[in-house]
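Student: I have just opened this entry and would like to go through it with you. Could we begin with a small detail and then widen the view?

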Amino acid sequence: MLDTSNATVIMIIWLVAFIVLIAIEALTLNLTTVWFAIGAAAAYLCTLADFSFPVQFVTFVIISLILLFFTKPIAQRYVNKHFIKTNVDSLVGQIAKTTTRINNCEGFGTAILNGMEWSAISEDDNVIIEAGTNVIVKGVSGVKLIVSEMQYQEKFN
């Protein structure tokens, strides 16, 4: 049991922590500090219930970590559901056509994508892709497309 003055100070600390964490979340929108803010609110409720500080702190840590690790991935899927890929992100998954042979060992290769010629490398260093081959963009590294030869099923899907 806490005396009244200590309980008030600790209550104010949990409220300040809650407000600061919410402010940080509002500025960053990373879905990280919001879970700790909820943990601070739970610890504040423990203060109102007259639990000791160690119980409040353990409640803060456990609630925050449970929410962070189990709820954040679900929340991110929901929040990023309407995320529109732009610029380089939008190239991944598109089909390009090689204009020169792609050979990572020799360090050259190009492909045309959306009317622009790009330097290109094979996703697999051991695979050489001949000119005129349709490839699928697997990623972008700097100004180079990372590509792989389209498989039979990909060509007809």
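Student: Which residue in β4 does K97 stand opposite?

Tutor: K97 stands opposite N134 in β4. Please keep in mind that this is a predicted model.

Student: What is the sense of the pairing between β1 and β4, and over how many bridges does it run?

Tutor: The pairing of β1, residues 95-98, with β4, residues 134-141, is antiparallel and runs over 3 bridges. Within β4, V135 is the bridge partner of A96.

Student: Which other strand pairs with β1?

Tutor: Strand β2, residues 110-113, pairs with β1 in the antiparallel sense, over 2 bridges. There, T98 stands opposite A111.

Student: And which residues of β1 are on its covered face, and which on the uncovered one?

Tutor: A96 and T98 form the covered face, whereas I95 and K97 form the uncovered one. In a regular strand, side chains alternate between the two faces of the sheet.

Student: What do the strands build together?

Tutor: They form a closed barrel of 5 strands, in the order β1-β2-β3-β5-β4, and the pairing is mixed. From one strand to the next, the twist averages 55 degrees.

Student: Turning to the interior, which residues make up the largest nonpolar core?

Tutor: That core has 12 residues, including A96, A111, W118 and V135. At least two of its residues come from each of β2, β3, β4 and β5. A separate core of 6 residues lies apart from it, with L31, W35, L68 and A75 among them.

Student: What does W118 touch, leaving aside residues up to four places away in sequence?

Tutor: W118 touches L91, G109, T110, A111, L113, V140, V143 and L145.

Student: A change of topic: how many helices and strands are there, and in what order do they run?

Tutor: The protein has 4 helices and 5 strands. Starting at the N terminus, the order is α-α-α-β-β-β-β-β-α.

Student: How much of the protein is buried?

Tutor: Of its 157 residues, 30% are buried. The accessible surface comes to about 10200 Å², and carbon and sulfur atoms account for 65% of that.

Student: Finally, which elements have the highest and lowest mean pLDDT?

Tutor: Helix α2, residues 33-48, has the highest mean, 95, and helix α4, residues 152-156, the lowest, 52. The protein averages a pLDDT of 87, with 89% of the residues scoring at least 70. Where pLDDT is low, the predicted coordinates should not be read in detail.

How values were computed: Residues numbered from 1 in each chain as written. Predicted model: local features only at pLDDT ≥ 70, side-chain atom pairs only at ≥ 80, totals over all residues. Heavy atoms only, no water. Pairing = 2+ DSSP bridges. Axes fitted to C-alpha atoms, helices over the stretch in contact; angles between N-to-C directions. pLDDT = per-residue confidence, 0-100. Buried < 20%, exposed > 50% of the residue type's maximum accessible area, 1.4 Å probe, protein only. Core = buried A, V, L, I, M, F, W, Y, C linked by side-chain atoms within 4.5 Å. Contact = heavy atoms within 4.5 Å. Areas by Shrake-Rupley, 256 points an atom, 1.4 Å probe, with all protein chains shown as cover.
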